[in-house]
Amino acid sequence: MKIKLRKGTYKHSGEPLKFEEFEVECRGTGIKEDPFIIDSSSSIPNNFEILESERFIIIENCRLNSLVLGYCKNITMKNCIFRSSFLYNCINITIDSSEINFINLIVCRNCLLKDSKFDTEFKLYKCYNNTFKNCYWDIFFDSDNLSRGNYLENIDHPWIDEILEIQKPLKEPTESFSISTFSLFHGNVLKEIECRGMGTKSDPIIIDSHNIKKAKVKDLTFYHNRHFVIFKNLDLKKIALYDTKHITLESYNISKSCNLKFCSDIEMNFVSINVLKFGACQDTSIENSDIKEIDLYKGYEGTINLKNSRYQKISENALNQIKVLKNEKET
């Protein structure tokens, strides 16, 4: 049976340059009793990603440069050797008898890592209810000390006291959401912002000017987001949305630039933007807004719908991707 995977190419900053979807023929049907099997005989590239999957998948006996799992459940990696692995917003992931130089877990829960070795660097961010058993770690980071309520058994590490912190009781849950902000000295860093909402369509995460000012944020960068998020009444310099869905901007002023790449289900209403640059975007709607300049990433197609909005300049390569609905005003 065939399953769909993705290969991504990124800048050092994390900005995606290209995504390629491909299918892999493998054994199994993807249910618990008959999982998909990806192994050394499968026709897979050295780097690939699995996104938004709840199918049961076993990846075994593979040597890879990089594996990324995002918004996934029920995946097992067994007897594998990876240079790096990045897991975000994942549940019920198992890493068994494997070696990974660099691993980063962001907002992961109910995962099991056992009988494995992480030679270079191990990072956790907002991870809880995970079990680590018979593992070796070298350099370890618990970003902002936000990972708690995890379980450790027979862990080998030079500074074991640092790791023991992550099995302290889970703190009283707070309504917060992690974003990436850019610093000239530290590059893109994760930062917590207080908010309300669960991130579902019926109960979106809502972030307003009070939340942003309290977190001292001047620009936002979103990578790989699948939560429903509403930003409202904000005044920022820059915002960048990459490989992101379900974002709404309301009563928003962006003094420098708004960049959208590989996005869908993006809505803007009563937004003022100096430069809007987009590419590979679908289902993007802008209403009742004022945009000075609209540009398109070279080589990328996409669609931007403008309604009841003002604009001054649209670059020639973006003309065919802009759909101006009725009653627009051009200055």
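This is a short tour of a predicted model, one selection at a time.

**Stop 1: confidence**

Start by colouring the protein by pLDDT. The average over the protein is 89, and 93% of the residues score at least 70. Now select residues 91-96, which form strand S9: among the elements of the protein, S9 has the highest mean pLDDT, 98. At the other end of the scale is strand S28, residues 329-330, with the lowest mean, 48. Next, pick residues 182-187, where pLDDT stays under 50. For this stretch the model has four contacts beyond four places in sequence. Where pLDDT is low, the predicted coordinates should not be read in detail.

**Stop 2: two nonpolar cores**

Select Ile 59, Leu 69, Leu 113 and Trp 137. These are the residues with the most contacts inside the largest nonpolar core, which has 42 residues. A second core, separate from that one, has 39 residues, including Val 217, Ile 247, Ile 254 and Ile 314. In soluble globular proteins, nonpolar side chains tend to be buried together.

Return to Trp 137 and show what surrounds it. Leaving out residues up to four places away in sequence, Trp 137 touches Phe 118, Phe 122 and Phe 132, among others. Its contacts also include Leu 152, Ile 155, Ile 163 and Ile 166, as well as Asp 156, His 157 and Pro 158.

**Stop 3: parallel strands**

Switch to a cartoon view and select strand S8 (residues 81-88) together with strand S10 (residues 99-106). The two pair in the parallel sense, over seven bridges. Which residue of S10 stands opposite Tyr 88? Look for Ile 106.

Now add strand S12, residues 117-125. S10 and S12 run parallel too, joined by seven bridges. One place to look along S12 is Glu 121, the bridge partner of Phe 102.

**Stop 4: an aromatic cluster**

Show the rings of Tyr 10, Phe 19, Phe 262, Tyr 297 and Tyr 300, which form one aromatic cluster. The whole structure holds 14 aromatic pairs. Take Phe 262 and Tyr 300: their ring centres are 5.4 Å apart and their planes stand at 90°, so this pair is edge-to-face. The two residues are 38 residues apart, and their pair links distant parts of the chain. Phe 262 sits in the loop between strands S21 and S22, while Tyr 300 sits in the loop between strands S24 and S25. Phe 262 and Tyr 300 are buried.

Then shift to Tyr 297 and Tyr 300. Here the centres are 6.2 Å apart and the planes are at 85°, so this pair is edge-to-face as well. Tyr 297 is buried.

**Stop 5: Gln 321**

Move on to Gln 321, in the loop between strand S26 (310-314) and strand S27 (322-324). Is Gln 321 buried or exposed? Its relative accessibility is 17%, so it counts as buried. Look for a polar atom of the Gln 321 side chain that lies 2.6 Å from the backbone oxygen of Gly 302. Beyond its neighbours within four places in sequence, Gln 321 is in contact with Phe 278, Leu 296, Glu 301, Gly 302, Thr 303 and Ile 304.

**Stop 6: Asp 265**

Finish in strand S22 with Asp 265. This residue is partly exposed, with a relative accessible area of 26%. Select Asp 283 as well: it comes 18 residues away along the chain, and the C-alpha atoms of the two are separated by 5.0 Å. Contacts of Asp 265 outside its neighbours within four places in sequence include Phe 228, Lys 245, His 246 and Gln 282.

Notes: Residues are numbered from 1 along each chain as its sequence is written. This is a predicted model: local features need pLDDT of at least 70, side-chain atom pairs count only at pLDDT 80 or more; totals for chains, interfaces and linings use all residues. Side-chain values use heavy atoms; hydrogens and water are left out. A nonpolar core is a set of buried Ala, Val, Leu, Ile, Met, Phe, Trp, Tyr and Cys residues joined through side-chain atoms within 4.5 Å. Buried means under 20% relative accessible area, exposed over 50%, partly exposed in between (1.4 Å probe, protein chains only). Contact means heavy atoms within 4.5 Å. pLDDT is the predictor's confidence in each residue, from 0 to 100. Helices (H or I, at least four residues) and strands (E, at least two) are DSSP runs, numbered from the N terminus. Two strands pair if DSSP finds at least two bridges between them. A polar contact is a pair of N or O atoms within 3.5 Å; within protein, one must be able to donate a hydrogen and the other to accept it, and residues adjacent in sequence count only if both atoms are side-chain atoms. Rings of Phe, Tyr and Trp (its six-membered ring) pair if their centres lie within 6.5 Å; planes under 30 degrees apart count as stacked, over 60 as edge-to-face and the rest as tilted.
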